[in-house]
Amino acid sequence: MQAETTEAFDASSALCYSANTLNRCGEKRKDTEWVKSLKAASETRFLIQANDSFIFNIEQEIDPVQHTAEVLGTLGIKDATTIFLGLDEEDSDRPYFGVRYSTDAETLEEELEKRGPFAAYGLRGIAMKRAASSKVFGMMAQAAAVGRWHLSHKMCSQCGKPTELAEAGYRRDCPSCSAQHFPRTDPAVIMLITHGDKCLMGRPYHLAENVYTTLAGFVEPGETLEDAVRREVFEEAGVKVGKVTYIASQPWPFPSNIMAGFHGEALTTDLNIDYEEMEDCQWFTKEETLRMLQGEAESGLICPPDISIAHHLIKIFTEGK
Ligand SMILES: [Zn+2]
């Protein structure tokens, strides 16, 4: 998915959830009065989440996920977490906020219908349907990841007492012990391992039928990204990896990961699959991989859709770059 409004300086900016053109105003957002005035401004727009789903105006053709403050009232939202997302410099510095509230998931649909032309959709579904512009996906990823963090950090991890939202949503403070808590992002590595004109792809158990994809795993404390690539590949497939090259990264807000994408060169090719983690793992030729990407493989096997960084890591290999 190509960023529509930003020049692509790197491979990452072309990925879904990555094209975020907002100026987050890291220094200015500490000014509570400034943030308050932006929130009250008529040009401000809100991305609203009920639990993990974004509210859409189903009658609005352009930007159905961006709402005015009036909609917050129409929806009768109380006890929401409000986060300053940033200023859109490509749209006269229009301010954006993320608003997240918790509600009964069972009655949400019915409740929204009563209040207007609204529906709630999960971020993955929105991406699969391309139901928003790539620029808005970046904002949604930001709102979803920070919003989820607030939900799970209401209590201080130092003393167990309640924490309070601070710095426009980018910190939580504990009034009891003065600890400051910051939104976390968990790094994960995702890698296509190659050997000559072959690449290694596998099937974790949760994957849809017939899909083969890159291997992936979380980075452990005290480990470089490159060593995480080598360790994960050896653990999952028994293949030793030498040179590792960084390709691109993608925010993956499920709930708050950053996927660092690599190509790695295999030093060995024999497989020793960890069947606790993987249903299967195989070497595929470049030709077969290309057909899988295009959905034309005789085997019926396919690669993940282009919202994922895995698709792009595989595509770059088939293009021989
Ligand atoms: Zn505390």
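Start by selecting E111: in this predicted model, its relative accessible area is 29%, so E111 counts as partly exposed. Now add K114 to the selection. This lysine is exposed, at a relative accessible area of 62%. Show both side chains and put a distance label between N and O: E111 and K114 form a salt bridge at 3.6 Å. Colour residues 108-115 as well, and you will have helix α3, which holds both partners. E111 and K114 sit 3 residues apart there, about one turn of the helix.

Next, jump to helix α6, residues 225-237. Select D227 and R230, whose side chains meet in a salt bridge with 3.0 Å from N to O. How far apart are R230 and D227 along helix α6? They are 3 residues apart, which means about one helical turn separates them. Try a surface view here: R230 is partly exposed at 29% relative accessible area, and D227 is also partly exposed, at 39%. While you are here, select E220, E223, R231, E232 and E235 together; salt bridges with shared partners link these residues into one network.

For the next stop, go to R184 and bring up D186 with it. The two form a salt bridge whose closest N and O atoms are 2.8 Å apart. Is R184 buried or exposed? The answer lies in between: with a relative accessible area of 47%, R184 is partly exposed.

If you would like to keep exploring, zoom out to the full model. A search of the whole structure gives 18 salt bridges, among them the E111 and K114 pair where you began.

Conventions
Residues numbered from 1 in each chain as written. Predicted model: local features only at pLDDT ≥ 70, side-chain atom pairs only at ≥ 80, totals over all residues. Heavy atoms only, no water. Salt bridge = Lys/Arg side-chain N within 4 Å of Asp/Glu carboxyl O. Helix = DSSP H or I, 4+ residues; strand = E, 2+ residues; numbered from the N terminus. Buried < 20%, exposed > 50% of the residue type's maximum accessible area, 1.4 Å probe, protein only.
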